[in-house]
Amino acid sequence: MNPRQLTFVREYKGYSQTELASHIQGLSQSNLSKFEKGVGQLSDEIIRKIVDFLGFPSSFYDQVISNNIDSAHYRKKVGITKKGKDYIEKSIKLIGYIVDQMSDSVEFPPFTLKTIDLSEGFTPVFAAHFIRRSMGILQGPVVQICSKLESYGIIIVQLYDCDEGFDGVSFLTDLGYPVIVINGNYSNDHKRLTIAHELGHIVMHISPDIAVPDYRDKEKEAFSFAAEFLMPTDEIKNSLTDLRLSYLLPLKQYWLTSMASIAHRAKDLGAITPEKYKYINVELSRKGYRKREPGNVYLDTPALFYDAYKLFKTELNYTDVELSEIFHLPIDVIYHFCINQTTHLRIIRHSTL
């Protein structure tokens with residue numbers, strides 16, 4: 001048993017070392033701690049009891065999952081427990097692991113967007129304009145944001161059973177597939193902003209060919225990218241001059257972004273004074289719009305990840321038991337992450353000798 005994988009499963013299942021030890025007869029917290037640190041051993045019988053209790057196939061403990069997750073976006077004003085954060089981060093790693101497992105039989109679209117190194121003198125605003133042009137978005141709102149990104153090889157997955165403090169994350173799987181995972185419980189305008197934010201990370205920060213110095217504020221750069229990507233300055237600024245509260249809903253319905261983000265955009269572009277921005281926020285709070293805004297916006301449904309699962313079931317004729325065996329995962333874990341709506345992918349036909 002790989003000690004790191006045991007820690008992975010334990011934290012995903014939400015058990016502390018003490019809690020897990022209390023469920024396994026003959027296991028102490030100190031012995032478990034030593035084993036997970038790689039300085040102790042556990043008997044075959046104890047390992048069997050641990051495997052049976054946690055419910056992951058024994059073959060999973062021989063796998064290696066890296067999926068470096070270093071840019072998860074958590075909301076600063078919303079508290080999140082260590083257990084909640086561990087669960088989210090392990091879920092994200094499992095999603096990346098499943099993508100890699102699927103890629104042996106399903107061909108995901110290649111990642112074809114150019115990455116942009118800001119150390120070469122470019123700005124997040126330039127990067128946003130460049131990516132819009134690359135995607136053929138010459139003007140107006142980004143309507144089909146999920147299908148646009150997925151057509152360029154970015155896999156988008158929604159995670160629903162997560163703490164409200166989590167917004168989203170972008171990362172490269174161990175095999176190099178770019179993935180965005182977002183909190184599926186938020187409003188569509190919130191999710192669109194998160195997707196654009198994570199797109200900024202993908203094109204400016206997470207490529208192995210780009211070195212980002214520690215002194216750079218990657219979150220600030222990603223937000224600047226997202227604002228320009230969703231609401232280009234040269235198109236929106238005139239409509240933000242002398243912004244009034246009554247203008248926010250029509251602007252939201254056109255740009256598909258929240259009223260709060262439009263007001264923030266107006267302040268950042270100098271279209272309104274800081275005092276006017278404060279007044280608008282006070283009014284939004286007074287009307288209860290800070291918690292729930294009026295007007296829903298359109299968001300197309302992410303599809304690549306979910307369709308890949310469907311292809312395994314329908315085109316490749318895998319049973320749930322067989323999927324569990326080849327992915328080295330419990331059936332309920334595969335169900336949990338993989339069941340959603342579908343699009344179109346192509347099966348990889350391996351040649352036989």
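In what sense do strand β4 and β5 pair, and over how many bridges? The answer is antiparallel, over 5 bridges, with β4 covering residues 166-172. Two strands count as paired if DSSP finds at least two bridges between them.

Some ground rules before we go on. This is a predicted model: local features need pLDDT of at least 70, side-chain atom pairs count only at pLDDT 80 or more, and totals for chains, interfaces and linings use all residues. Residues are numbered from 1 along each chain as its sequence is written, and side-chain values use heavy atoms, with hydrogens and water left out.

Overall picture. The protein has 16 helices and 6 strands. These are DSSP runs, numbered from the N terminus: H or I with at least four residues for helices, E with at least two for strands. The C-alpha atoms fill a box of roughly 70 × 50 × 40 Å along the principal axes. The radius of gyration is 23 Å, which agrees with the value near 20 Å for a compact globule of 353 residues. That radius is taken over C-alpha atoms, and the globule rule is 2.2 Å times the number of residues to the power 0.38. Of the 353 residues, 50% are buried. Buried means under 20% relative accessible area, exposed over 50%, and partly exposed in between, with a 1.4 Å probe and protein chains only. Now contacts, meaning heavy atoms within 4.5 Å. Among those between residues at least 6 apart in sequence, 73% join residues at least 24 apart.

Back to β5, residues 178-183. All 6 of the 6 residues are buried, so the strand is largely enclosed by the rest of the structure. Take the faces in turn. Pro178, Ile180 and Ile182 are buried on one side, and Val179, Val181 and Asn183 are buried on the other.

Who are the neighbours? On the β4 pairing, Phe171 stands opposite Val179. The two strands form a hairpin with 5 residues between them. Gly176 sits in that turn, with a positive phi of about 95°. Strand β3, residues 155-159, also pairs with β5, in the parallel sense over 5 bridges. There, Val157 stands opposite Val181.

Stay on β3 for one residue, Gln158. Is Gln158 buried or exposed? Buried, at a relative accessible area of 10%. Its side chain makes a polar contact of 2.9 Å with the side chain of Lys191. Another, of 3.4 Å, joins the side chains of Gln158 and Tyr160. A polar contact is a pair of N or O atoms within 3.5 Å; within protein, one must be able to donate a hydrogen and the other to accept it, and residues adjacent in sequence count only if both atoms are side-chain atoms. Leaving out residues up to four places away in sequence, Gln158 touches Ile182, Gly184, Lys191, Pro302 and Tyr306.

Last topic: rings. The structure holds 16 aromatic pairs. Rings of Phe, Tyr and Trp (its six-membered ring) pair if their centres lie within 6.5 Å; planes under 30 degrees apart are stacked, over 60 edge-to-face, the rest tilted. Phe8 and Phe60 form a tilted pair, 6.0 Å centre to centre with 50° between the planes. Phe8 is in helix α1, Phe60 is in the loop between α4 and β1, and they are 52 residues apart. Phe8 is buried at 5% relative accessibility, and Phe60 is buried at 0%. Both belong to a cluster linked by ring pairs, whose members include Tyr12, Phe56 and Phe337.
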